2 protein chains.
Amino acid sequence: MNLPTLKKRGKGSFELSSPVRIEAAASAAGPFEKKGRLRGAFDLTFDDPYLGEKTWEKAEGSLARRTVARLYEKSSLSPAETDFFFAGDLERQCMASTQGLLPYDVPYCGLYGACSTFGEGLILASALLDGGFGRAAGVITTSHFSTAEREYRTPLVYGKQRQPSAQHTVTGGGAVLLAAGPAPDGEPYAAVTRFRVGRMRDMGIADPGNMGAAMAPAAAETLTGFLEDFGRKADDYDLILTGDLGQVGYEIVRDLTGAMGFPLGGVYDDCGRLLYHEEQDAHAGGSGAGCSSLVFVASVLPRLLRGELKRVLLAPTGALLSAVSLLQGESIPGICHLIEVEARSGKEDF
Amino acid sequence: MNLPTLKKRGKGSFELSSPVRIEAAASAAGPFEKKGRLRGAFDLTFDDPYLGEKTWEKAEGSLARRTVARLYEKSSLSPAETDFFFAGDLERQCMASTQGLLPYDVPYCGLYGACSTFGEGLILASALLDGGFGRAAGVITTSHFSTAEREYRTPLVYGKQRQPSAQHTVTGGGAVLLAAGPAPDGEPYAAVTRFRVGRMRDMGIADPGNMGAAMAPAAAETLTGFLEDFGRKADDYDLILTGDLGQVGYEIVRDLTGAMGFPLGGVYDDCGRLLYHEEQDAHAGGSGAGCSSLVFVASVLPRLLRGELKRVLLAPTGALLSAVSLLQGESIPGICHLIEVEARSGKEDF
């Protein structure tokens, strides 16, 4: 008899046996993002949206590759010490992730969760390490404004007018390397402690210019499900961040969670609302698989390490659509994965 | 101090603490596949490649949905008892998986590993259950000849002549539900016991009509790496199956593994070679994300349950390309994930 011990859980949420540490992280931002509200917070920035490549798609691949390079520069671990690397993006068949990870010869797991992929990757990486499967696992998600416009909407040269509810796909991304065990030097660190895998919700919205509304019901389900499973309320956290709902979806989530008995109060915000200045005219805010990873690595993680935040919920949101599904009249299901991240000081948990 | 116990492993392979049982499985095959070598072995077959839908893409979504329905009919577990469901396909943004799983309200993790996705899903599902994260996890992968031709190659009506090294994308798929713990009734069962996550290999092949050659080096790396990690040789297994290399890739893997000191001998075959009769003119054989899952569920699993096979390696292979990457001159990296599956009789391991 050798059954695994079940983790503490609610009906769909899990607690790790021990926190899984964020060993290193790196962020990369494009020209529009580097002028925004998180100016100066990024590891890498690019003034050329092509990153010196000949196509937008190769540019996003290069962005992923350079972000991983910087991740390993900042880490005490090497690609050869990495047991899993999870990656995803919005390009057709996730080619930016393929091109980004190809040079590193790591065990590679491609994910597709649209803009929720960073959450899915953090869940899988931390759960595998907590389960004893290796010592280190990486996660990267990226997006690029121009590859996303070409893939999902209209060619840039067409110059389509964007509606106010539309969002601006982030050119950028974030990567983290998770490691089992405490920080070797006793320094403060941030760690994944609990998670909830999302369920799809489809409210019949079929407008790719209003993805915040399409994703909001899934976000409300995930957030309230997690809080209920662990008997928490919003103000047990210093910050609750959805991934890329933008202004429209943010307001819907406020309404829905309140109506469901879990008002989010003053600690709730959305990564898509945090990236751009109002005068940048990004309409409802940022979106894209790189939105939550970029904001988490550039802004949330440093505040956890400085002790300004103690306990955070990050809930990356995804709109499950394709240009083909839209043309065929399908609506857009949403999904939202959630991880709890805590600031830890030294070896307290070990 | 509450560190997880590291699983036994080589440099990139892992052994589960206890076997994770395949609780139920279901397969679905299209009109071409049902006339092939596995005729009569499928749970569901369809004579209409549209499955009554208006588009190829909706047809593949329907195929996934019906396969999951049959999976739960055959299982003692319900969607509500499922802790994770992993799914992937070849459509742009994996919409067949989205549409297939949407009605079931399960915690959903989308994967993109091209035709290797079934291996990636089995690895993640069994590792999470072995780590104590829940009691049941599903995996489904599908493909559809006509969605794949539209997505990756030329419109069907164009009538392009196919070269002999080209493969035929399988219309079909397979789904399994994995469960922690022994079979409740003491009956024989099949279980995942070990795995290896693949690493990408790119030998510069850029011809989507020769994907077997593009994937073969990754398959050789994964197979020899696994055998080396656990001190095994090919004839420790009753069957070693790659996913969808077809005839060309199959022969290259034979050569490469032999040259690497791990000759595969008489136990080696490829799912893509097993599906069609020669007179069906499928050229180098079957391919697609549904190829390995269909062959595994329809053919390998029953032989494990009947005791005809005791120990099997399944190594689904993927070609990481998109129509965009091909047009931009990129070569096609390959990847191959591996799982070891064993026949178990009753409660011997528990």
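**Core and contact in a two-chain model**

Me: What makes A:Leu178 and B:Leu178 stand out in the largest nonpolar core?
Reply: Of the 239 residues in that core, these two touch the most other members. A nonpolar core here is a set of buried Ala, Val, Leu, Ile, Met, Phe, Trp, Tyr and Cys residues joined through C-beta atoms within 7 Å. Buried means 20 or more other C-beta atoms within 10 Å of a residue's own, with C-beta atoms placed from the backbone. This is a predicted model, where local features need pLDDT of at least 70, side-chain atom pairs count only at pLDDT 80 or more, and totals for chains, interfaces and linings use all residues. Residues are numbered from 1 along each chain as its sequence is written, and chains are lettered from A in the order written.

Me: How do you know that chains A and B are related by a two-fold axis?
Reply: Chain B lands on chain A with an RMSD of 0.0 Å after a turn of 180° and a shift of 0.0 Å along the axis (least squares on C-alpha atoms of residues with pLDDT of at least 70 in both). That's the two-fold relation. The same surface serves both copies, as 100% of chain B's contact residues recur in chain A (contact: C-beta atoms, placed from the backbone, within 7 Å).

Me: Why is H2(A) called mostly covered?
Reply: Of its 19 residues, 14 are buried, so they meet the cut-off of 20 or more neighbours.

Me: How many residues does each chain give to the contact?
Reply: Chain B gives 58 and chain A gives 58.

Key: Contact = placed C-beta atoms within 7 Å. Buried ≥ 20, exposed ≤ 12 C-beta atoms within 10 Å, placed from the backbone. Helix = DSSP H or I, 4+ residues; strand = E, 2+ residues; numbered from the N terminus.
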